[in-house]
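Here's a quick tour of a protein model, written for someone who'd rather be at the bench. Have a look at the structure first, then read on.

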Amino acid sequence: MVKTDPHDHTLYKIRLTELAQLAEVAGYKVVDTVIQVRRREHSSYCLGKGKVQEVKELVKKLEIDTVIFYNILKSNQKYNLEKQLNVEVIDRYDLTLEIFDKSASDKISKLQIELARLTKAFPYEKLKAAVKYLVEHPGKKSMGEYAYHSVIKQLRKRIKKVRKELEALIEIHEKRIRERKEKGKPIVCLTGYYGAGKTSIFNALTGLNKPVTGKPFTTLSSKYYLISNHTSELFIIDTIGFALDLDPRLIDSFKLTLNDIKASDIVLLIVDISDPLGLLLLKLKTSLNILKDLGITYDKIILVLNKIDKISEEELKQKLVFLHPYMSIFTYVLVSAKTGRGLDELLAKIENKLSEHKAPTLRQEVGGTTQSSHFASLL
């Protein structure tokens with residue numbers, strides 16, 4: 001990891017811990033960690049040349065077969081590192097996709113993963129092909145086209161095909177969303193950081209038994225389920241989990257899944273209240289930033305503070321003090337998906353918020369401007 005903020009004494013540790021956890025989920029065994037503090041990443045290697053040599057010695061000594069960077073590597077950095085280290089070099093983006101691959105079970109998920117991988121790999125493969133054929137002094141093909149162009153054309157063709165397939169699926173998906181809305185049944189979406197307990201709450205609200213593995217990104221495509229809430233019916237959706245520093249290309253590739261969040265009437269932001277306070281706040285801010293980027297306004301969000309069964313009443317009180325700035329803006333509820341505590345209150349608050357949306361008052365709208373500004377200031 002290259003740490004470019006010399007004043008960061010905490011967040012980088014959280015990021016590295018998460019990277020190690022993701023690596024283990026993907027099947028890697030973490031044997032060592034290397035951190036370098038630099039004003040900026042080295043343009044050719046990300047790490048400085050001296051640190052690259054240090055990593056090279058570690059690779060040889062510990063018989064390492066893969067080096068994983070937290071930093072998102074540029075194509076030339078990845079190429080140069082692999083050439084120097086003589087092992088596979090991947091970054092956080094690649095690692096996330098490997099985990100996605102393990103969980104993907106439907107066509108939509110697999111296509112979204114493939115698009116994300118192709119989008120990231122295209123400039124790298126282009127560079128690799130160009131260098132390879134330049135070294136081999138290729139002759140020109142017919143029409144004056146260099147041999148390596150065929151590799152690039154194949155990649156472009158595949159990207160175009162996958163995009164086209166996804167666009168068709170998005171169109172069908174959006175049509176289904178419109179049909180659901182036309183029936184007058186509101187959509188309530190479960191979002192949040194991976195591991196916060198989204199699927200557990202989904203199961204508790206629906207009575208279903210979707211697999212809960214405790215591993216990240218077990219839900220890649222949205223799952224709709226119609227439930228009765230007292231006098232009305234509504235759709236509950238379980239969606240993909242969030243993570244730190246999600247690459248915009250990754251978000252763009254999962255547009256179909258994220259459209260479900262954007263189309264929702266209510267967004268339940270599931271938060272693991274049992275996390276250490278620093279990690280809890282970081283995950284909350286990360287999740288809220290993603291929702292803000294998706295155009296979700298504060299008034300559609302209900303904070304669901306889950307896993308209260310895992311901490312003492314005293315710890316809960318202390319954390320609620322720190323979370324007060326958020327709780328003064330958002331509707332919130334304390335729940336335990338495991339014991340069922342707070343679920344009735346959650347359903348009641350969903351119903352109340354849906355009623356508010358049906359009959360907004362001038363006072364609410366005026367107040368919303370101030371609240372929205374406050375929401376932005378928390379991020």
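## Where to be careful

Over which residues does pLDDT stay under 50, and how many contacts beyond four places in sequence does the model have for them? It's residues 141-145, with five such contacts; pLDDT is the predictor's confidence in each residue, from 0 to 100, and a contact means heavy atoms within 4.5 Å. Residues 360-368 also sit below 50, and that stretch has five contacts beyond near neighbours in sequence. Where pLDDT is low, don't read the predicted coordinates in detail.

This is a predicted model, so local features need pLDDT of at least 70 and side-chain atom pairs count only at 80 or more, while totals for chains, interfaces and linings use all residues. Residues are numbered from 1 along each chain as its sequence is written, and side-chain values use heavy atoms, leaving out hydrogens and water.

## Confidence overall

The protein chain has a mean pLDDT of 87, with 89% of its residues at 70 or more. Strand E3 (residues 66-69) comes out highest at 98, and helix H14 (residues 362-377) lowest at a mean of 49. Helices (H or I, at least four residues) and strands (E, at least two) are DSSP runs, numbered from the N terminus.

## Helix H10

H10 covers residues 277-293, 17 in total, and spans 24 Å from first C-alpha to last. That's close to the expected 24 Å, which is 1.5 Å times one less than the number of residues. Its buried residues include Leu280, Leu284, Leu288 and Leu291; buried means under 20% relative accessible area, using a 1.4 Å probe and protein chains only. Just after H10, Gly295 has a positive phi of about 90 degrees.

Technical notes
Buried means under 20% relative accessible area, exposed over 50%, partly exposed in between (1.4 Å probe, protein chains only).
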